[in-house]
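Please look through the sequence and the model shown below before reading on. The report that follows moves from single residues to helix pairs and then to charged side chains.

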Amino acid sequence: MVRSKLVAILLGPSGVGILANIGIYNTFISTAGTAFAGSGSTRAIAVARAEGRNDRVDWLIRYSFLIPSVVGLLILVGTVALAPQISGLVMSDPQYAPLIAISAIAIPLSLLGASYAGVLQGFVRIGSLAKASIATTIVSLVVTVGLIAPLGLTGAVIASSIVAMVQLSIFFLREPWVVRGRHWRRRLTFDWPTLHPVLQLGMAGVVVSIVSTLVTLLIRSDIVHVLGIDQNGIYQPVTAISETYLDVLISSTSFYLFPRLTELVSAGRRSVASEEVGHGLRLLLAVTVPLLLLAIAFGEPVVVLLYSDRFRPAADPLAIQMAGNILKVITWSAAAALLPLGYYRAWLFICLTQLAIKYAGVHLLLPIMGLNGVAIAYNLAWAWSCAAEAFVVVAIAGVGPRPRDWGYALVAVGFVAVTFGAYEMSHALGMLMAIAATIAWLAISRDNLTILIQTLVSIARPRLLALGRRFGLGK
């Protein structure tokens with residue numbers, strides 16, 4: 001958040017919009033590297049660990065590192081060679097070709113970092129992922145601001161490669177066992193029975209990622225074409241706050257549930273898997289609902305605080321999109337069992353349909369309603385996903401939240417809907433309603449929050465005691 005504000009102050013809406021489009025392009029083109037590994041490797045590692053197949057685990061780790069690295073280097077070469085054409089396509093102006101070429105250096109580094117993260121996730125090393133993420137965020141702030149000051153927009157682009165290298169270094173320093181002791185010089189023969197499920201899920205994931213990023217690029221291009229590059233920058237706080245920051249909380253649950261549910265389903269423990277899904281839904285709602293309520297009603301001061309006064313117009317579309325994000329939270333939690341159960345085709349169909357609804361909605365509503373239309377289109381897409389994925393998980397698979405968990409989710413939806421309605425009537429009324437609803441929600445969620453706090457304390461206490469002993473502050 002601090003990084004976004006400083007970047008917004010230093011570069012303004014146009015600079016923020018340019019960086020957003022470059023980042024979207026890099027995400028789009030680098031997804032080819034995840035087609036051969038990605039979530040497929042993570043799931044395969046979790047299954048191999050559950051079956052006690054250490055030889056297969058070793059092969060999967062080597063495969064996950066080597067193949068995406070080669071693909072990343074090929075993408076880097078191709079992007080540098082075609083930078084002017086890519087700049088014209090993404091920015092409608094070839095003058096940004098040097099920035100495109102510089103930013104491509106981060107692609108192979110990011111793919112390596114993603115491979116490291118995927119392996120750690122397969123081993124349910126969520127604590128290490130969290131610590132590496134925190135450290136990388138701090139480095140990102142320092143490096144980005146430090147380079148923007150003397151180099152401007154070019155410095156921000158260079159910083160992305162440096163941050164990717166730092167993240168990779170942090171992973172290695174914290175978890176060196178992942179790469180040490182592997183047979184890297186041994187020829188990587190392809191174990192097709194093991195590789196088939198990896199490629200199956202990997203290809204499904206890459207199709208979703210490519211189409212998702214392509215849709216995002218098309219939406220951003222439409223915003224630039226209809227409203228101008230400044231409005232594309234104005235929309236960035238909406239994306240950052242309602243998607244990027246919220247995804248951090250959602251992903252924290254998904255990172256744990258994906259390998260955990262894979263192990264439980266592989267062992268035939270479906271009832272335990274259902275309890276895990278419901279527990280994850282309750283904890284995630286307990287934490288995110290207050291954030292949604294406050295972001296809806298206090299979006300304007302939040303946008304000004306995180307960015308600058310020039311981004312104030314983002315408050316209204318932010319309130320709309322944050323209201324719809326309650327469906328996103330429920331969808332991610334309820335559908336956590338889709339991939340562990342092997343419902344790849346259903347997941348692919350639902351995701352692609354969601355993206356089609358999103359783009360069609362934006363294309364129709366943007367000229368009429370501006371950025372508010374973009375936010376409404378996003379909410380319509382999540383409404384479809386929530387209904388479809390909940391149906392598949394509960395009605396077809398039989399592994400999903402229990403009725404009491406769904407009741408808890410409905411209460412959350414009601415709180416968000418009432419707060420948003422009050423905000424639309426009057427901003428002052430919305431603020432009062434958000435505060436009252438947050439207090440009521442915290443009272444309802446006290447048991448879930450207590451469990452979460454106790455878990456965090458149990459994790460932190462040994463480390464704090466060890467730190468205290470190191471500095472002579474305790475026994």
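Leaving aside its neighbours within four places in sequence, which residues is V211 in contact with? Once those neighbours are set aside, V211 is in contact with L352 and L355. This is a predicted model, and every value below is to be read as computed from it. V211 itself lies in helix α9, which covers residues 192-227, and it is partly exposed, with a relative accessible area of 28%. Although V211 and L355 are 144 residues apart along the chain, their C-alpha atoms are separated by 7.6 Å.

**The chain as a whole**

The chain has 18 helices and 0 strands. Of its 475 residues, 51% are buried. Among the contacts in the chain with a separation of 6 or more, 83% are accounted for by residues 24 or more positions apart, and the contact of V211 with L355, at 144 residues apart along the chain, can be read against that background.

**Helix α6 and residue T438**

Helix α6, made of residues 106-122, has 17 residues and reaches 24 Å from its first C-alpha to its last, which is close to the 24 Å expected at 1.5 Å a residue. This helix is mostly covered, since 14 of its 17 residues are buried. Just after α6, the residue V124 takes a positive phi of about 55 degrees.

Further along the chain, T438 has its place in helix α17, residues 427-444. T438 is buried, with a relative accessible area of 10%, and, not counting residues up to four places away in sequence, it touches P290, L293 and L294.

**Two helix pairs that share α13**

Helix α13 (residues 315-334) packs with helix α16 (residues 403-425) at an angle of about 175 degrees, and their axes are 11 Å apart. Because angles over 145 degrees count as roughly antiparallel, α13 is roughly antiparallel to α16. On the side of α13 the contact is made by A315, D316, A319, I320, A323, I326, I330 and A334, and on the side of α16 by W406, A409, A412, V413, V416, F420 and Y423. Sorted by class, this contact of α13 with α16 has 14 nonpolar, no polar and 1 charged residues.

The axes of α11 and α13 come within 9 Å and cross at roughly 175 degrees. This makes α11 roughly antiparallel to α13. Here α13 contributes A319, M322, A323, N325, I326, V329, I330, S333 and A334, while the residues of α11 include V277, G280, L281, L284 and L285. By class, the contact of α11 with α13 has 16 nonpolar, 4 polar and no charged residues.

A general point helps in reading such lists: an α-helix has 3.6 residues a turn, so residues three or four places apart point the same way.

**Salt bridges**

How many salt bridges does a search of the whole structure find? The search finds 6 salt bridges, and three of the pairs are set out in the table, each with the separation between nitrogen and oxygen.

| Salt bridge | N to O separation |
|---|---|
| R404 and E275 | 3.7 Å |
| R312 and E300 | 2.6 Å |
| D405 and R404 | 3.9 Å |

The side chains of R404 and E275 meet in a salt bridge. R404 lies in helix α16 and E275 in helix α11 (residues 270-297), so this pair ties together parts that are 129 residues apart in sequence. R404 is exposed, with a relative accessible area of 52%, whereas E275 is partly exposed, at 38%.

R312 forms a salt bridge with E300. R312 lies in the loop between α12 (299-306) and α13, and E300 lies in helix α12, so the pair ties together parts that are 12 residues apart in sequence. R312 counts as partly exposed at 33% relative accessibility, and E300 is partly exposed as well, with a relative accessible area of 29%.

R404 also meets D405 in a salt bridge. D405 is buried, with a relative accessible area of 1%, while its partner R404 is exposed. Taken together, E275, R282, R404 and D405 are linked in a network of salt bridges.

How values were computed: Residues are numbered from 1 along each chain as its sequence is written. This is a predicted model: local features need pLDDT of at least 70, side-chain atom pairs count only at pLDDT 80 or more; totals for chains, interfaces and linings use all residues. Side-chain values use heavy atoms; hydrogens and water are left out. Axes are lines fitted to C-alpha atoms, for helices over the stretch in contact, and angles run from 0 to 180 degrees between N-to-C directions. Helices (H or I, at least four residues) and strands (E, at least two) are DSSP runs, numbered from the N terminus. Angles under 35 degrees count as roughly parallel, over 145 as roughly antiparallel, 65 to 115 as roughly perpendicular and the rest as oblique. Contact means heavy atoms within 4.5 Å. Ala, Val, Leu, Ile, Met, Phe, Trp, Tyr, Cys and Pro count as nonpolar, Asp, Glu, Lys and Arg as charged, and the others, Gly among them, as polar. A salt bridge is a side-chain nitrogen of Lys or Arg within 4 Å of a carboxyl oxygen of Asp or Glu. Buried means under 20% relative accessible area, exposed over 50%, partly exposed in between (1.4 Å probe, protein chains only). The expected span of a helix is 1.5 Å times one less than its number of residues.
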